[in-house]
Amino acid sequence: MVGSAQFDKWRELVVRSHHGSTRLLGSLLLVVAAGIFAVGATPVSENTPADAPADAATVPLGQVIPAPASVRADGAPYRLTSRTRIVVDGGTEARRVGEYLAGILRPSTGYRLPVTERQEAGIRLRLAPGETGLGQEGYRLDSGRSGVTLTARASAGLFHGVQTLRQLLPAAVEKNAVQPGPWLVAGGTIEDTPRYGWRGAMLDVSRHFFTVGQVKRYIDQLALYKFNKLHLHLSDDQGWRIAIDSWPRLASYGGSTQVGGGPGGHYSKADYQEIVRYAASRHLEVVPEIDMPGHTNAALASYAELNCDGVAPPLYTGTEVGFSSLCVDKDVTYDFVDDVVRELAALTPGRYLHIGGDEAHSTSHEDYAKFMDRVQPVVERYGKTVVGWHQLTGAAPARGALAQYWGLDSTGAEEKERVAAAARNGTGVVLSPADRIYLDMKYDKDTPLGLDWAGYVDVRRAYDWDPGAYLAGVPAGAVRGVEAPLWSETIVTSEDVEYMAFPRVVGVAELGWSPVGALDWEGYRVRLGAQGARWDALGVGYFRAPGVPWGAR
């Protein structure tokens, strides 16, 4: 029987032979705030003394994104080897996170990494409900030569801690084929909790449809950076994307096209539930949106009775906004709303249901307020909390509702004050300023995708602002967090999604998670540059923004 050390030596020789070079694949240069270091520059044998100094193969503890709340670098690194075990302490939930971690690490390391409840040395995942100071999403990571321990009160915190552990390993750990390593985790302690409870990303599947597989891919990318909300924009003028049994033409007809006249598509109820389940497995809560009373042409085209004149308009494949409206004075409109909300709420275990409410230019202010007064109680009746775009504050937001602000820095003071007044009266605010974190805005004039109505949004602009101080008059406690929308007028493929989201969405993750004192562009851009090698390993096609020290490919 071959011993583990001999097996690893054999494995390393195979990898070297396969690539025709003794240069390790992990030797990518990364620029860090503390200096310059190379990942995987020197192989570390299992026979190397455990207290050997952390050399260029070790990613510093503070290198991760989002920046942790507290970092204390101390002691020798931990080294993954063929003898490493993933020890779970916390029942089914801890085991589930352990299996997830093993699934990430096994392909690149080539190690078995058994998940066990036996108390062995290795990587320990520990659920400790009585642990104070970590909240529901926080974690503590302790690393030393004998092992790594992740401690959390709840499984979400344990999962987020695993994302930090991933980033503390060389970028090659993300690859799907065996890599030479070494696999070192710097010694020390991270204690980390999020600043905000809402750290979201929105994907517009209405203007262009994205398959279940494409949505899952985006979920996995968001999970790496500790997002916890996936907002799905399921209806608009150009397409209705969720099956509703009581109004079947919404999906079959209203979902049959998209911007530019393509085939469109929709999610069956099983499809949607699969997205919800997959998101939950990555600790993201799905927030579905049915936009109304405007942005409703796909519904109006599907059912003539929803129109005030009883005449269904044609399907729409353009990109103009503001021309459509449900008929506020018809009782059938509220039968429709009740049925849609009831069926969608039954499919959605999360707390929130988004009712849109933006750009209702064809609805009078009086009718808009009347509509929202009737629709918000429907959402509450089916056990959900109302979320709406910030125009909701021009009506009367329901108790506990959230308003999602998408205005600009230059938006008029009167509109901003309406949001602030609602916030002072108990309405929570999620910040999505269009000229800061709309991911469909062009980076610059040469960006081949995207729009520019809110201006160009480069990587620094998307990062260099403080959500807690953004809207004057909004109490700090009213700010629930941030969300990065990606509208899809020009976004057709997963490659398009990645190019427009990365790297800007990562900055939004840090704005939502990290303490305000950690938000520093100069330090962030260096940590951001180090992520490029990881995205290369994951196959994420990103925009190599100028001003960021990306490593060589």
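In the predicted model, helix α4 has a buried set of residues made up of Val212, Val215, Tyr218, Ile219, Gln221, Leu222 and Ala223. The elements that cover these buried residues include the helices α3, α6, α13 (494-501) and α14 (504-513), together with the strands β12 (198-204) and β13. The length of α4 agrees with what its residue count predicts, because twelve residues at 1.5 Å a residue should span 16 Å, and the end C-alpha atoms of the helix are indeed 16 Å apart.

Helix α3, which is among the elements covering the buried residues of α4, runs from residue 155 to residue 168 and contains 14 residues. From the first C-alpha of α3 to its last, the distance is 20 Å, close to the 20 Å expected at 1.5 Å a residue. As for its surroundings, α3 is mostly covered, with 14 of its 14 residues buried.

Helix α6, another of the elements that cover α4, comprises the 13 residues from 269 to 281 and reaches 18 Å between its first and last C-alpha atoms, close to the 18 Å expected at 1.5 Å a residue. Its buried residues are Tyr272, Ile275, Val276, Tyr278 and Ala279. These residues lie on the same side of α6, because they cover an arc of only 165° around the axis. The partners against which the buried residues of α6 pack are α4, β13 (229-233), β16 (285-289) and α8 (331-347). Just after the helix, histidine 283 adopts a positive phi of about 60°.

On the other side of α6 in sequence, the loop between α5 (249-252) and α6 holds threonine 257. Threonine 257 counts as buried because its relative accessible area is 8%, where the cut-off for a buried residue is under 20%. When neighbours within four places in sequence are left aside, threonine 257 is in contact with Gln238, Gly239, Arg241, Gly262, Pro263, Gly264, Leu315, Tyr316 and Thr317.

A second loop position, glycine 473, is found between α12 (459-463) and β21 (479-486). With a relative accessible area of 41%, glycine 473 is partly exposed, since that term applies between the 20% limit for buried residues and the 50% limit for exposed ones. Residues up to four places away in sequence not being counted, glycine 473 touches Ala420 and Arg424. Glycine 473 and arginine 418 are 55 residues apart in sequence, and their C-alpha atoms are 9.9 Å apart in space.

The largest pocket of the model encloses about 400 Å³ of space. It is lined by 16 residues, and those closest to its centre are Arg166, Glu174, Asn176, Asp220 and Leu538. Helices α2 (91-109), α4 (212-223) and α15 (521-538) each supply at least two residues of this lining, and α2 gives the most, with four residues. Sorted by class, the lining of the largest pocket consists of seven nonpolar, three polar and six charged residues.

Over the chain as a whole, the secondary structure comes to 15 helices and 21 strands, and buried residues make up 59% of the 553 residues. Among the contacts in the chain with a separation of 6 or more, 74% are accounted for by residues 24 or more positions apart.

Terms used: Residues are numbered from 1 along each chain as its sequence is written. This is a predicted model: local features need pLDDT of at least 70, side-chain atom pairs count only at pLDDT 80 or more; totals for chains, interfaces and linings use all residues. Side-chain values use heavy atoms; hydrogens and water are left out. The expected span of a helix is 1.5 Å times one less than its number of residues. Buried means under 20% relative accessible area, exposed over 50%, partly exposed in between (1.4 Å probe, protein chains only). On a 1 Å grid over the protein atoms alone, a cavity is a set of points where a 1.4 Å probe fits but cannot get out, and a pocket is an open set with protein on both sides within 12 Å along at least five of seven lines; lining residues have an atom within 4 Å of a point. Grid points are joined across faces, edges and corners, and a volume is the space filled by probe spheres set on the points. Ala, Val, Leu, Ile, Met, Phe, Trp, Tyr, Cys and Pro count as nonpolar, Asp, Glu, Lys and Arg as charged, and the others, Gly among them, as polar. The arc is that of the directions from the helix axis to the C-beta atoms. Contact means heavy atoms within 4.5 Å.
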